[in-house]
Amino acid sequence: MRRLPFSSLFLLTFLAGSSWAQVAQVPQVDLSFEPYAKPQILADVGHGRKIHLICMGEGSPTVIMTGGAGNWSSTWRKVQGEVSRKTRACAWDRAGFGFSDPSPLKQDAVHTEADLEQALVSANIAGPYVLVGHSLGSAETLLFADRHLHETVGMVLVDPSFPDQSSVIKRLYPHLDKVMHESDSQDEGVIEKCIAGLKNGSLKPADPALAECTNDQADYPADLKKSLLHFNSDPDRLVTQKSYEDAESTNSKEMTNVQRNYGRIPLVVLTAADAPSPLPAAFTAPAVKSEMTDLETKTWRKAHKDLAALSTEGREELVPATTHFIQLIKPQVVVSAIDQVVAKTRIAEGRKQN
């Protein structure tokens, strides 16, 4: 998988970054990855491309899980199996991530959401749906709900990004915005070097230098490492991932919809309570650190409350002792939220039938 720049897409520093490190640096093989070691459903989305989905369990509604920026279906490994005990649960990989094919199309939210739509149709995965999105996965989640409101019966957003986030950060937090863009620019040079090396043959898939452009983890099982080694030999994979990263500001705007109203569907927004530490030096300057604190304690929380208010049955829940990757740090909180939403949708469906 593509290694995200430290600052990219929602401060994978302050609101996210170190939680990835907490997960990634475990030296033992993580057996929870095993169900994700091989592709399951390769859904045709046209033009010779396939989007990968992994489904577990049976029942209705079907839970659709969308990972955050740079993540793939395995980000739900501590949640999906538990949810599947009560209903069908499906996670998917964006183009160029996990086991999905690269794409020549711009990887903004409009195109990635379109891939999800077509993949569900192609794989005959019908609604009603409970949508679950983590971080920037809230972009496809909200857009899909907008387009399929009658099929969307519930939603859980896990420490989500929020509409027009990039513009808000640029306007309210100029020092932080500047540091983020500087960090992103440095990272672009790394990914471009990796792409060029794969294309001219100077960089091989087994070369440790390729790790600079992936976040393949040390605790992956052997089968998963082998599968991803094959995928990582394709430079178009990294080109697609870079296109996704480059669409940060576009995604932020595309998920904005002032007409959005989800009526009475059960909706839970989970907010991480803690910020990771330590921070890299560029982010410890007093002005930057002050802006990050304000972002986390004021703007981030308000945005999450606003998302919850999209439904009269919405609520925001602060999750203590956790950072951005709540689904990996406190998976049972996410499982519980999904189970509650699923149960409410079944009660509502039962009332309709009676």
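A residue is termed buried under 20% relative accessible area, exposed over 50% and partly exposed in between, with a 1.4 Å probe and protein chains only. The model is predicted, so local features need pLDDT of at least 70 and side-chain atom pairs count only at pLDDT 80 or more, while totals for chains, interfaces and linings use all residues. Residues are numbered from 1 along each chain as its sequence is written, and side-chain values use heavy atoms, with hydrogens and water left out.

**Threonine 152**

Threonine 152 counts as buried because its relative accessibility is 2%. The residue belongs to strand E6 (residues 152-158); helices (H or I, at least four residues) and strands (E, at least two) are DSSP runs numbered from the N terminus. Its side chain reaches the backbone oxygen of histidine 148 at 2.9 Å. When neighbours within four places in sequence are left aside, threonine 152 is in contact (heavy atoms within 4.5 Å) with Tyr129, Leu131, Phe144, Ala145 and Ile265.

**The largest pocket**

A pocket is an open set of points on a 1 Å grid over the protein atoms alone where a 1.4 Å probe fits, with protein on both sides within 12 Å along at least five of seven lines; lining residues have an atom within 4 Å of a point. The largest pocket has a volume of about 600 Å³, the volume being the space filled by probe spheres set on the points. Its lining comprises 20 residues, and those nearest the centre are Val153, Pro266, Lys344, Thr345 and Ala348. Both E6 and helix H13 (331-353) supply at least two lining residues, and H13 gives the most, with eight. By class, the lining holds eight nonpolar, four polar and eight charged residues. In this scheme Ala, Val, Leu, Ile, Met, Phe, Trp, Tyr, Cys and Pro are nonpolar, Asp, Glu, Lys and Arg are charged, and the others, Gly among them, are polar.

**Nonpolar cores**

A nonpolar core is a set of buried Ala, Val, Leu, Ile, Met, Phe, Trp, Tyr and Cys residues joined through side-chain atoms within 4.5 Å. The largest such core has 71 residues, of which Met65 and Ile338 touch the most other members. H13 provides the largest share of this core, six residues. Apart from it lies another core, of nine residues, including Ile169, Phe283, Val288 and Leu295. Isoleucine 338, leaving aside neighbours within four places in sequence, is in contact with Val63, Met65, Val79, Val83, Val132 and Val156.

**Loops and backbone geometry**

Two cis peptide bonds precede prolines in loops, and two residues other than glycine have positive phi.

| Residue | Backbone feature | Loop between |
|---|---|---|
| Proline 61 | cis bond from serine 60, omega near 5 degrees | E2 (49-56) and E3 (62-66) |
| Proline 128 | cis bond from glycine 127, omega near 5 degrees | H4 (109-122) and E5 (129-134) |
| Histidine 47 | phi near 55 degrees | E1 (41-46) and E2 |
| Asparagine 124 | phi near 55 degrees | H4 and E5 |

Histidine 47 is exposed, with a relative accessible area of 84%, and asparagine 124 is exposed at 65%.

Alanine 209 lies in the loop between helix H7 (174-200) and helix H8 (222-231). This alanine counts as partly exposed because its relative accessibility is 39%. Not counting residues up to four places away in sequence, alanine 209 touches Cys194 and Leu203. The C-alpha atoms of alanine 209 and glutamate 113, which are 96 residues apart along the chain, are separated by 32 Å.

Conventions:
A polar contact is a pair of N or O atoms within 3.5 Å; within protein, one must be able to donate a hydrogen and the other to accept it, and residues adjacent in sequence count only if both atoms are side-chain atoms.
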